[in-house]
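Q: I'm new to this one and would like a close look at a single part: the salt bridges. Could you walk me through them and then show me what surrounds them?

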Amino acid sequence: MKPINVGLLGIGTVGGGTWTVLTRNAEEITRRAGRPICITTVADRNLERARTVTGGAARLVDDAFAVVKDPEIDIVVELIGGCTVAKDLVLAAIENGKHVVTANKALLAMHGNEIFAAAQKKGVMVAFEAAVAGGIPIIKALREGLTANRIQWLAGIINGTTNFILSEMRDKGLAFDVVLKEAQALGYAEADPTFDIEGNDAAHKATIMASIAFGVPMQYERAHIEGITQLQATDIAYAEQLGYRIKLLGIARKREDGVELRVHPTLVPARRLLANVEGAMNAVLVQADAVGPTLYYGKGAGDEPTASAVIADLVDVTRMHTADPEHRVPHLAFQPDQLEDIPVLPIDECRCGYYMRLRVDDKPGVLADITRILADNDISIDALIQKAPAEGESQTDIILLTHITVERNANAAIARIEALPVVAGKVVRLRMEELDS
Ligand code: HSE
């Protein structure tokens, strides 16, 4: 059996894990793939690190462009990340007729349409299981396992850093800033955690899943993205009293008039399995018409969990290498000429329930004013709590949950409520999803 030759671009955490698992499980992987899969060349700027990991068992180079042009290489694994050099390398690999395996969610969410078109033209595969939720085979599930279904919506905890922070805030009642520092000290959060805490990483992954679930092009630029930096421990505690947990969800929902694609902190009923995904773990709940709800849970990051996904793609590509390109599993699940150009809806048109926290004067008629404004905007109240004012204070908190409404109406009601003289400051507003089937 002629081995399949792999060029690995980047041997950091995931690259190192890929080397280790591929070496450790070589015999079983070969039995599954039908051919040995060998990393013959590694490109990394840090040759010393590359030498330590590979022990001299692969050719080491510091010029990744030499690898993507090398006629001996069958598959290029891109683990560099980012959208600059990585994009050039992936496009050059495709141009040179190589199949590509990548974990690069930002690259696919932002430039996937161009990359898949180039791959289609060249008859090569671009596989990206590791780009979403690390070791969880969610791409495989959406693209192949659920292929009989009309997928209605999906909701995922797809960023481990933020889920760790939210779990700690809830468990210990601590503020966001305090927990972020703890997460950085423990190595759960990057030194620059912006992409995680602002929701961009989750939005990249949600964009990719939406595309495969609904057969639409990647539309990252139209996603609504809110992170967790403004979230207060007070609201996590109030949500808990009302039977909810707050999670950063990536949500994609297909509607008659378009697709909702959004990432934001979300109240989820505490009884849902998804609400009980704690720490750095990931999970994706998918609602589809034939199978109903299915839930996928596991590690969303880390060396060997992500390597598990990278190697699954290597095996897939190895198996399909010789198949007629027209009859391979399509990159985005639907045949390329069958992608639908349905719009991603503006956040104003999205529908969900709302949590609102208001600081108000404790005097007669305040609640009546507020409920009148909600009724005027066609918003129905689902639950409400009012705290007794603290000793010596004349103001108190009102927390209310609404039934599903359109975001535009919620915003209009909030603007009028904030203008009431008896309401102090801004209304804290969070979205809420029941996630029932
Ligand atoms: N930084 C991501 C997370 C993992 O915290 O889940 C890589 O996408």
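A: Here is a walk through the salt bridges, followed by a look at the sheet and the cores.

Keep in mind that this is a predicted model. It holds 37 salt bridges, so let's take a few of them one by one.

Start with Arg170 and Glu278, whose side chains meet in a salt bridge at 3.0 Å, N to O. Arg170 sits in helix α8 (residues 160–172), while Glu278 is in the loop between β10 (258–269) and β11 (281–288), so this pair ties together parts that are 108 residues apart in sequence. Arg170 is partly exposed, with a relative accessible area of 25%, and Glu278 is partly exposed too, at 26%. These two also have company: a network of salt bridges links Arg170 and Glu278 with Asp171, Glu240, Arg245 and Lys247.

Next up are Lys254 and Glu340, with side chains that meet in a salt bridge at 3.9 Å, N to O. Again, distant parts of the chain get linked: Lys254 belongs to strand β9 (residues 244–255), and Glu340 to the loop between α13 (303–320) and β13 (351–361), 86 residues apart. Lys254 has a relative accessible area of 35%, which makes it partly exposed, and Glu340 counts as partly exposed at 38%.

Now for a pair within one helix. Lys140 and Glu144 form a salt bridge at 3.4 Å, N to O. Because they are four residues apart in helix α7 (residues 138–145), about one helical turn separates them. Lys140 is partly exposed at 31%, and so is Glu144 at 28%.

What about the sheet? Six strands form an open one, in the order β3-β2-β1-β4-β5-β6, and the pairing is parallel. At its edges stand β3 (59–61) and β6 (126–127), each with a single partner strand, so one side of each has no neighbour in the sheet. Strand β1 (residues 4–9) pairs with strand β4 (residues 75–78) over four bridges, in the parallel sense; Gly7, for instance, has Val76 in β4 as its bridge partner.

Finally, the cores. The largest nonpolar core has 85 residues, and Ile138, Ile165 and Ile208 have the most contacts inside it. Helix α11 (residues 200–214) supplies the largest share of this core, nine residues. Leaving aside neighbours within four places in sequence, Ile208 is in contact with residues including Lys105, Leu108, Phe128 and Met218. There is also a second, separate core of 30 residues, with Val6, Leu22, Ile37 and Ala127 among them.

Note on methods: Residues are numbered from 1 along each chain as its sequence is written. This is a predicted model: local features need pLDDT of at least 70, side-chain atom pairs count only at pLDDT 80 or more; totals for chains, interfaces and linings use all residues. Side-chain values use heavy atoms; hydrogens and water are left out. A nonpolar core is a set of buried Ala, Val, Leu, Ile, Met, Phe, Trp, Tyr and Cys residues joined through side-chain atoms within 4.5 Å. Buried means under 20% relative accessible area, exposed over 50%, partly exposed in between (1.4 Å probe, protein chains only). Helices (H or I, at least four residues) and strands (E, at least two) are DSSP runs, numbered from the N terminus. Contact means heavy atoms within 4.5 Å. Two strands pair if DSSP finds at least two bridges between them. A salt bridge is a side-chain nitrogen of Lys or Arg within 4 Å of a carboxyl oxygen of Asp or Glu.
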